Amino acid sequence: MGSAVRLSGVTVVRDGVPLIDGVDWQVGPGDRWVVLGPNGSGKTTMLAVAGARLWPTRGVVEVLGERLGRVDVRNLRPRVALVSASVVRQLRANLTAREVVVTGRDGALESWWREYSAGEWAEADRLLDDAGVGGPAGIGHRAFGVISEGERQQVLLARALMGRPELLLLDEPAAGLDLGARERLVMRLAALAVEPDVPPMVLVTHHVEEIPGGTTHVALLRLGRMVASGPIDDVLTSESISDCFELPVVVGRGDDRWWCRASP
């Protein structure tokens with residue numbers, strides 16, 4: 001397998017303003033990336049391009065070996081799972097958590113349009129169990145609209161995996177979560193990162209504390225430009241994060257987790 005994502009000189013312009021500008025980036029098979037940068041740096045835009053949800057103004061985009069502009073994206077997009085707030089807004093609130101997960105098999109928004117097999121329901125239940133929210137006391141039969149935000153993110157991740165994607169993109173899944181929910185999500189992502197059957201993963205976040213163990217690479221964006229990218233041990237330094245966020249900080253690591261604080 002070649003690169004899961006390859007961006008070459010990619011620029012996206014809206015209303016005369018470049019949201020990303022001249023970005024070169026490559027995600028290889030088995031890579032686990034985190035994309036960091038301040039608000040407005042272009043992280044979500046770059047993820048949308050990588051997921052074939054947004055066309056570039058200039059540059060070349062290849063996703064799972066297919067070049068945008070030369071492929072029917074209706075066939076490409078189902079191969080890429082995207083976990084983001086936009087998915088929440090599309091789902092009916094009174095669907096059960098199990099229904100939200102099982103419909104991820106086809107990327108559907110409703111469960112009524114076809115009958116799911118016993119095996120598919122069992123797989124949905126297993127994914128909820130793996131996330132720690134399944135079982136008799138779990139949330140499987142509760143309405144998606146009334147479960148907690150942390151539980152909702154676990155359900156969305158299970159839904160993404162239900163589709164057996166070839167590329168997994170996560171846009172700030174820990175945003176707004178309390179400490180416990182954030183840590184449970186980070187631990188789940190760390191468990192997925194070390195599973196060989198899990199496809200290449202890209203996580204967008206603002207916080208180094210949300211980087212799960214097993215992450216292999218980091219990309220740093222500022223003002224729409226890629227300021228650094230590469231293996232995480234080489235790129236995620238106090239100097240690079242200080243430059244990216246334009247604030248002197250100290251970055252450290254312990255027990256395969258990262259931390260960051262302002263430099264005295």
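Buried means under 20% relative accessible area, exposed means over 50%, and partly exposed lies in between, with a 1.4 Å probe and protein chains only. The structure is a predicted model, in which local features need pLDDT of at least 70 and side-chain atom pairs count only at pLDDT 80 or more, while totals for chains, interfaces and linings use all residues. Residues are numbered from 1 along each chain as its sequence is written, and side-chain values use heavy atoms, with hydrogens and water left out.

**Exercise 1. Find the buried residues of helix H9 and state what they pack against.**

Solution. Begin with the element itself: helices (H or I, at least four residues) and strands (E, at least two) are DSSP runs, numbered from the N terminus, and H9 covers residues 238–245. Its buried residues are Ser238, Ser240, Ile241, Ser242 and Cys244. Next, take contact as heavy atoms within 4.5 Å; the buried residues of H9 then pack against S3, S9 and S10, against helix H8 (232–235), and against strands S11 (249–254) and S12 (257–262). Finally, look just past the helix, where Glu246 takes a positive phi of about 55 degrees.

**Exercise 2. Describe the surroundings of Ser240 and of Val249.**

Solution. Ser240 has a relative accessible area of 15%, which means that it is buried. Leaving aside residues up to four places away in sequence, Ser240 touches Leu220 and Val235. A polar atom of the Ser240 side chain also lies 3.1 Å from the backbone nitrogen of Thr237. Turning to strand S11, which holds Val249, the relative accessibility of Val249 is 10%, so this residue counts as buried. With the same sequence neighbours left out, Val249 touches Ser238, Ile241 and Ser242, as well as Cys260, Arg261, Ala262 and Ser263.

**Exercise 3. Work out the strand order of the open sheet and name the helices that pack on it.**

Solution. Two strands pair if DSSP finds at least two bridges between them, and 6 strands form an open sheet in the order S6-S7-S8-S3-S9-S10, with mixed pairing. Strand S6 (80–83) and S10 stand at the edges with a single partner strand each, so one side of each is left without a neighbour in the sheet. On average, and ignoring direction, neighbouring strands of this sheet are turned by 15 degrees against each other. Within the sheet, S3 (residues 32–36) and S9 (residues 217–222) run parallel and are joined by 4 bridges, and the partner of Val35 in S9 is Ala219. For the helices, axes are lines fitted to C-alpha atoms, for helices over the stretch in contact, and angles run from 0 to 180 degrees between N-to-C directions. Helix H6 (residues 149–162) packs on the sheet by touching S6 and strand S7 (167–171), and its direction makes about 175 degrees with that of S6. Helix H7 (residues 179–193) also packs on the sheet, touching S3, S7 and strand S8 (201–205), with a direction about 155 degrees from that of S8.

**Exercise 4. Identify the parts of the chain linked by the salt bridge of Arg225 and Asp21.**

Solution. A salt bridge is a side-chain nitrogen of Lys or Arg within 4 Å of a carboxyl oxygen of Asp or Glu, and by this rule the count comes to 20 salt bridges. In one of them the side chains of Arg225 and Asp21 meet, at 2.9 Å from N to O. This pair links distant parts of the chain, since Arg225 belongs to strand S10 (residues 225–231) and Asp21 to strand S2 (residues 17–27), 204 residues apart. Both partners are partly exposed, Arg225 with a relative accessible area of 47% and Asp21 with 22%.

Technical notes
Polar contact = N/O pair within 3.5 Å; in protein donor to acceptor, adjacent residues only side chain to side chain.
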